[in-house]
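Work through the exercises below with the sequence and the structure at hand, and try each task before turning to its solution.

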Amino acid sequence: MSRRFLSIGECMVELSQAGDGLLRKGFAGDTFNTAWYARACLGPDWSVDYFTALGDDAMSDEMVAFIDKAGIGTSLIRRIRGKTPGLYMINLKNGERSFSYWRDSSAARSLAADPDSLREAVESADLVYFSGITLAILPQEDAATLLAEIRRAKAAGKLVVFDPNIRPRLWSSYDIMHATISEGARSSVLVMPSFDDEAAHFGDDSIEATVHRYRALGAVHIVVKNGAAGVRLNFAGEESFVPAEKVEQVVDTTSAGDSFNGAFLAHYLETADATAAARFAAGVAARVVSEHGALVAKEKLGLDGG
Ligand code: ADP
């Protein structure tokens with residue numbers, strides 16, 4: 001019997017420098033990146049689906065074709081007449097990367113505007129994954145709609161997973177950001193934050209403080225990522241620590257956390273062993289930071305122990 005991993009959020013068109021003023025086009029976005037790595041690591045018993053909204057233009061068609069080619073289901077994606085996907089550009093200046101975004105009017109902002117299709121998608125899934133970015137891009141009433149569906153999924157016993165992925169510039173105020181991210185965590189079973197974001201924006205002075213805050217909100221399991229310093233797990237109250245893998249040369253940390261989440265969840269779904277899943281995910285993330293770009297091909301992830 002096939003089971004479904006459903007990731008909800010925004011995938012954008014990515015433009016990166018290709019030399020001589022040329023730009024290379026790609027597709028990426030936090031929840032899509034996680035779906036990509038979950039697909040790479042899960043066996044054929046699991047389908048991985050992406051839930052978002054896109055437009056009816058050629059670029060939306062191309063993105064759907066790209067997602068489909070990655071082996072990720074596109075049948076739940078809503079298409080909205082007259083809309084277009086969000087876009088971002090990676091700028092390089094003296095070796096430093098910065099990002100410019102055009103996503104204020106992207107189709108994905110309407111992903112929760114049709115409650116029936118949202119409900120149908122969530123009900124069809126065994127695991128539901130979303131992030132603080134998913135919540136941040138939605139109008140407030142649509143974020144409430146999504147969170148209500150997420151709470152139903154949790155109550156129905158589904159594995160609901162949330163990465164707070166805190167991006168202050170996507171939020172209209174700090175208060176709304178704090179309240180909505182806390183509500184996201186409260187509505188979830190497993191929360192997968194990055195410690196540097198939590199320290200910067202929730203003022204946590206230790207990893208333990210992050211774990212305690214999310215447990216107090218009602219999350220059952222917490223995995224706190226801390227870059228090269230490894231991850232702290234609290235699974236149903238049981239603590240463990242898994243170090244990061246040594247990386248010879250860090251090339252590009254884009255999607256380190258997203259790839260960790262996808263690989264962790266894939267391994268956890270198949271083994272129910274959170275510590276082993278974190279060890280596996282640390283190996284995948286180490287390979288991702290050793291390569292350029294958000295989406296590293298499956299063949300380069302060393303999944304066969306190679
Ligand atoms: P995020 O991208 O969300 O900020 P982190 O920086 O915590 O997430 O990285 C996620 C995971 O990627 C870490 O738990 C670790 O396994 C791996 N990772 C990140 N940076 C490094 C590094 N410099 N060396 C080895 N592994 C790393």
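**Exercise 1.** In this predicted model, determine which residues ring pairs link into a cluster with Phe27, and describe how the rings of Phe27 and Phe66 are arranged.

*Solution.* Ring pairs join Phe27, Phe32, Trp36, Tyr50 and Phe66 into a cluster, and a search of the whole structure finds twelve aromatic pairs. For Phe27 and Phe66, the ring centres are 5.1 Å apart and the planes stand at 45°, so the pair is classed as tilted, given that planes under 30 degrees apart would count as stacked and those over 60 as edge-to-face. This pair links distant parts of the chain, since Phe27 belongs to strand 3 (residues 23–28) and Phe66 to helix 2 (residues 58–69), 39 residues apart. As to accessibility, Phe27 is buried with a relative accessible area of 8%, whereas Phe66, at 27%, counts as partly exposed.

**Exercise 2.** Describe the ring pair of Phe130 and Phe162, and place its two residues in the sheet.

*Solution.* Begin with the geometry: the centres of the two rings are 4.7 Å apart and their planes meet at 35°, so Phe130 and Phe162 form a tilted pair. Next, locate the residues: Phe130 lies in strand 9 (residues 127–131) and Phe162 in strand 10 (residues 159–163), 32 residues apart along the chain. These two strands pair in the parallel sense over five bridges, and Phe162 is the bridge partner of Phe130. Both residues are buried. Finally, strands 9 and 10 take their places in an open sheet of eight strands with the order 4-1-9-10-11-12-13-14 and mixed pairing, in which strand 4 and strand 14 are the edge strands, each pairing on one side only.

**Exercise 3.** Is strand 13 largely enclosed or not, and which residues of its neighbours stand opposite Asn234?

*Solution.* Four of the five residues of strand 13 (residues 231–235) are buried, so the strand is largely enclosed by the rest of the structure. On one side, strand 12 (residues 221–225) pairs with strand 13 in the antiparallel sense over five bridges, with Ile222 opposite Asn234. On the other, strand 14 (residues 238–242) also pairs with strand 13 in the antiparallel sense over five bridges, and here Glu239 is the bridge partner of Asn234. The hairpin of strands 12 and 13 has five residues between the strands, and Gly227 in its turn has a positive phi of about 50°; the hairpin of strands 13 and 14 has two, and Ala236 takes a positive phi near 50°.

**Exercise 4.** Work out how the buried residues of helix 3 are distributed around its axis, and what covers them.

*Solution.* The buried residues of helix 3 (residues 115–123) include Ser117, Leu118, Ala121 and Val122. Viewed down the axis of helix 3, its buried residues fall within an arc of 130°, so they line one face of the helix. An α-helix has 3.6 residues a turn, so residues three or four places apart point the same way. Asp116 and Glu120, on the other side of helix 3, are exposed. Among the elements that cover the buried residues are strand 1 (3–8), strand 4 (46–51), strand 9 and helix 5 (140–155).

**Exercise 5.** Identify the rings over which Arg213 is placed.

*Solution.* Arg213 lies over the face of Phe202, at 3.9 Å from the ring centre. The charged end of Arg213 also sits over the ring of Tyr214, 4.4 Å from its centre.

Technical notes: Residues numbered from 1 in each chain as written. Predicted model: local features only at pLDDT ≥ 70, side-chain atom pairs only at ≥ 80, totals over all residues. Heavy atoms only, no water. Phe/Tyr/Trp six-rings, centres within 6.5 Å; stacked < 30°, edge-to-face > 60°. Buried < 20%, exposed > 50% of the residue type's maximum accessible area, 1.4 Å probe, protein only. Lys NZ or Arg CZ within 6 Å of the ring centre and 35° of its normal. Pairing = 2+ DSSP bridges. Arc of directions from axis to C-beta. Contact = heavy atoms within 4.5 Å.
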